[in-house]
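Here is a short tour of one protein model, taken a piece at a time. Have a look at the picture, then read on.

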Amino acid sequence: GKVLCVRVPDGAARWAGMWQMPNADVASDETAEAAASRAVREAAGLAVLSSERLLQVRHSVTHHRITLDVFRCEARRGNARPVAVSAVEWVAPARLDELAMPAAHRRIARFLVANGA
């Protein structure tokens, strides 16, 4: 019933200090599902037990085009902790609108709220 959000470190080149869902570039030798699991592990130190694709978001940032594959993940029990981010928080979907997020992640948040995630 909650969404794992991570805060981008203040010194980051892009989206410094903003909140987003854990994310990672998909390496050439991995699936999008494996990248999602890696993103959660690297950002918050949690292992993902299972994942289900929810949607795909296409977004443009200046001259770059990005595609975000969004997964609902079940994390192994344990405390999320900031690993490669400045903060982590489990957020109720109704509160996602309170967080400063990049536009693509805001679209994901609105989808989650509208679909009762």
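## The largest pocket

Which element gives the largest share of the lining of the largest pocket? That would be β4, with eleven residues. Before going further, keep in mind that this is a predicted model.

The largest pocket holds about 1200 Å³ of space. Its lining is made of 43 residues, and the closest to the centre are Met-21, Pro-22, Asn-23, Asp-69 and His-105. The elements that give two or more residues to this lining are β1, α1, β3, β4 and α2, the last of these covering residues 103–114. Sorted by class, the lining has 31 nonpolar residues, six polar ones and six charged ones. As for how such space gets found, rolling a probe the size of a water molecule over the atoms shows where empty space is left.

## The hairpin of β3 and β4

Now for the strand that leads the pocket lining, β4, and its partner. β3 and β4 run antiparallel and are joined by twelve bridges. Want two pairs to look for? Arg-53 has Phe-71 in β4 as its bridge partner, and Arg-58 stands opposite Thr-67 in β4.

Two residues sit between the strands of this hairpin, and Thr-62 takes a positive phi near 50° there. When you trace a strand by eye, it helps to know that in a regular strand the side chains alternate between the two faces of the sheet.

## The three-stranded sheet

There is also an open sheet of three strands, in the order β2-β1-β5, with antiparallel pairing. Its edges are β2 (19–20) and β5, and because each has a single partner strand, one side of each is left without a neighbour in the sheet.

β1 pairs with both of the others. Two bridges tie β1 to β2, and Trp-19 in β2 is the bridge partner of Arg-7. With β5, β1 shares five bridges, and here Val-3 has Val-91 as its bridge partner. Is β1 buried or exposed? Four of its five residues are buried, so β1 is largely enclosed by the rest of the structure.

## Helix α1

Helix α1 takes in residues 32–44. You can check its length yourself: at 1.5 Å a residue, its 13 residues should span 18 Å, and the end C-alpha atoms are indeed 18 Å apart. Its buried residues are Ala-32, Ala-35, Ala-36, Arg-38, Ala-39, Val-40, Ala-43 and Ala-44. What do they pack against? The answer is β1 (3–7), β3 (48–61), β4 (64–75) and β5 (87–91). Here's a handy idea for reading a list like that: an α-helix has 3.6 residues a turn, so residues three or four places apart point the same way. Just after the helix, Gly-45 takes a positive phi of about 70°.

Let's zoom in on Ala-44, which is found in this helix. Buried means under 20% relative accessible area, and Ala-44 counts as buried because its value is 0%. Apart from its neighbours within four places in sequence, Ala-44 is in contact with Leu-4, Asn-79, Ala-80, Arg-81, Val-83 and Val-88. Folding also brings in another alanine: Ala-44 and Ala-84 are 40 residues apart in sequence, but their C-alpha atoms are 7.4 Å apart in space.

## Helix α2

The other helix to look at is α2, with twelve residues. From its first C-alpha to its last, α2 reaches 16 Å, close to the 16 Å expected at 1.5 Å a residue. Which of its residues are buried? They are Ala-104, His-105, Arg-106, Ile-108, Ala-109 and Leu-112. You have met His-105 already, as one of the residues closest to the centre of the largest pocket.

The buried residues of α2 pack against β1, β2, β3 and β4. Just after this helix, Gly-116 takes a positive phi of about 65°.

Conventions. Residues are numbered from 1 along each chain as its sequence is written. This is a predicted model: local features need pLDDT of at least 70, side-chain atom pairs count only at pLDDT 80 or more; totals for chains, interfaces and linings use all residues. Side-chain values use heavy atoms; hydrogens and water are left out. The expected span of a helix is 1.5 Å times one less than its number of residues. Buried means under 20% relative accessible area, exposed over 50%, partly exposed in between (1.4 Å probe, protein chains only). Contact means heavy atoms within 4.5 Å. Two strands pair if DSSP finds at least two bridges between them. On a 1 Å grid over the protein atoms alone, a cavity is a set of points where a 1.4 Å probe fits but cannot get out, and a pocket is an open set with protein on both sides within 12 Å along at least five of seven lines; lining residues have an atom within 4 Å of a point. Grid points are joined across faces, edges and corners, and a volume is the space filled by probe spheres set on the points. Ala, Val, Leu, Ile, Met, Phe, Trp, Tyr, Cys and Pro count as nonpolar, Asp, Glu, Lys and Arg as charged, and the others, Gly among them, as polar.
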